[in-house]
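Work through the exercises below with the sequence and the model in view. Each task is followed by a solution in steps.

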Amino acid sequence: MTRADAIARAVEDFSSGTFLAELDRRVAYRTESQNASRGAELRAYLEQEMRPAFTALDFESRLVESPSGKAPFLIAEHIESASAPTVLVYGHGDVVDGMEGEWRDNRDPWRATTSGHRVYGRGTADNKGQHSINMAALRAVRAARGGRLGFNAKFIVEMGEEIGSPDLAKVCDLNREALRADLFMASDGPRLSADRPTLFLGCRGGIRIHLDVNLRDGGHHSGNWGGVLANPATILVNAISTLVDGQGRLQLDALKPPRLTNQIRSFLADVKVEPTEDEPSLAENWGEDGLSAAERLYAWNTLEVLAMSSGNIEKPANAIPGHANAVLQLRFVVGTGIDGLVEAIRAHLVAKGFPMVEVRAAQSFAASRTDFDSPWIKWAADSVQATTGKAPAILPNFGGSLPNDVFSEILGLPTIWVPHSYPGCSQHAPNEHILLPLTEEALTVMAGLFWDLGELPQPLT
């Protein structure tokens, strides 16, 4: 059998309906990790769905309980040779709230429903559809090689990604030997666009910054006190403007990343951020001067105002409020120093005349990415191009955040993400979906990657 045979088997898996039936069965598990009553469903997904699927692939699997008592993990492995490359693959089976009743045409979020070139259902894009593609590709390669993969494969499936992966780092640390590998390769998030295969090497980090102005209890009549009482909302918006201006440009050096290198610019030189017709248009004159849209999104830091509150917007009173609050988020790339960031912001606001603004941080997660010189990057890009005839976009990091640092820092692996969704997939919202043409191509991409991994006599170094 040949590489072409493995890819053909992956296509047959799709065209026969086998893959979509499998996905429909997995979507039916209501694995909402943010819902405390779904503990049994989270466990059932691993015990009743994942373990039998891995057994069929000749993997040995076991459940690993989470240290905090939250949802369990599944670790599965298939070992063929001590000298063959070993890949670690990740997926998460938990999803966000199903949002029943909010889907177009009253679709059931717990069914994989095909309409036109879309397949709707909660988890189709994030992440049941994506790890199902990878498992189906393994099945195609194994069948083409007569029951062998040609390499060693390990999987870890978690059920708490949508609540911030609270136990993933600890579980991986405790299971370092079981998860030892030469390469981490997984799928989550969207491609650059639906028609361009994409590899991303890591993730931006994130930290939430809370700004609070608490001047007094209750409101005071704006006619009687306007002009003589300080307004916390006015103070807050002006304080924020000293951190990020009206065009989204960072104003404080402590919020900025290191200077972009020529190497990063070269990776992004052919990357175009081009929304489709059902996605929002890019804003003109927004973000850091002198950078392309791709550089702003994938290689720079952004400070976004996520929420603001003062008074009652639904029933505004003619009163000066006593409090104002805002939650901001800094998305940051590797090399950004965030130790001491809160202190730097606080000192900056004091210097700008806003000592009354209280600053605190929450929900911090790390930035990480694979070394640009890793031979695995070219290997993966060459494989994808051989399968699709398209040069994949290679992004230094995903614009959003995933627990990549667990695999790159704790396990010390080169990390390559091969996403199978697209920016308009509506993940985390009603009408989440995957695209049929993209899904078929993704199956062939992964079959090609797994076949090529089995052709390596030893791991790349």
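**Exercise 1: T86 and its surroundings**

T86 counts as buried, at 11% relative accessibility (buried means under 20% relative accessible area, exposed over 50%, partly exposed in between, with a 1.4 Å probe and protein chains only). The model is a predicted one, in which local features need pLDDT of at least 70 and side-chain atom pairs count only at pLDDT 80 or more, while totals for chains, interfaces and linings use all residues. Residues are numbered from 1 along each chain as its sequence is written, and side-chain values use heavy atoms, with hydrogens and water left out.

Task: State where T86 is found and which residues it is in contact with, leaving aside its neighbours within four places in sequence.

Solution.
- Step 1. Locate the residue: T86 belongs to strand β3, residues 86-92. Strands (E, at least two residues) and helices (H or I, at least four) are DSSP runs numbered from the N terminus.
- Step 2. List the contacts, meaning heavy atoms within 4.5 Å. Beyond neighbours within four places in sequence, T86 touches N152, K154, R180, A181, D182 and L183.
- Step 3. Check a C-alpha distance: T86 and F151 are 65 residues apart along the chain, and their C-alpha atoms are separated by 6.1 Å.

**Exercise 2: The overall fold**

Task: Describe the secondary structure of the protein, its extent along the principal axes and its share of buried residues.

Solution.
- Step 1. Count the elements: there are 13 helices and 19 strands.
- Step 2. Compare the radius of gyration, taken over C-alpha atoms, with the globule rule of 2.2 Å times the number of residues to the power 0.38. The protein has 24 Å, close to the 23 Å that the rule gives for 461 residues, so it is as compact as a globular protein of that length.
- Step 3. Read the extent: the C-alpha trace spans about 85 × 50 × 45 Å along the principal axes.
- Step 4. Turn to burial and contacts. Of the 461 residues, 54% are buried. Among contacts between residues at least 6 apart in sequence, 81% join residues at least 24 apart.

**Exercise 3: Cysteines**

Task: How many disulfides does the structure hold, and are C172 and C425 buried or exposed?

Solution.
- Step 1. Apply the criterion, a pair of cysteine sulfur atoms within 2.5 Å. The structure holds zero disulfides.
- Step 2. For C172, the nearest cysteine sulfur is that of C203, 14 Å away. C172 is buried, with 0% relative accessibility.
- Step 3. For C425, the nearest cysteine sulfur is again that of C203, 15 Å away. C425 is buried as well, at 1% relative accessibility.

**Exercise 4: Backbone angles**

Most residues other than glycine have a negative phi, and most peptide bonds are trans.

Task: Place the cis peptide bond from D126 to N127, then describe H428 and N431, which have positive phi.

Solution.
- Step 1. The bond from D126 to N127 is cis, and its omega is near 5 degrees. N127 sits in the loop between β5 (118-120) and α4 (128-144).
- Step 2. H428 has phi near 70 degrees and lies in the loop between β18 (415-417) and β19 (433-435). Its relative accessible area is 39%, so H428 is partly exposed.
- Step 3. N431 has a positive phi of about 70 degrees although it is not a glycine. N431 also lies in the loop between β18 and β19, but counts as buried at 12% relative accessibility.
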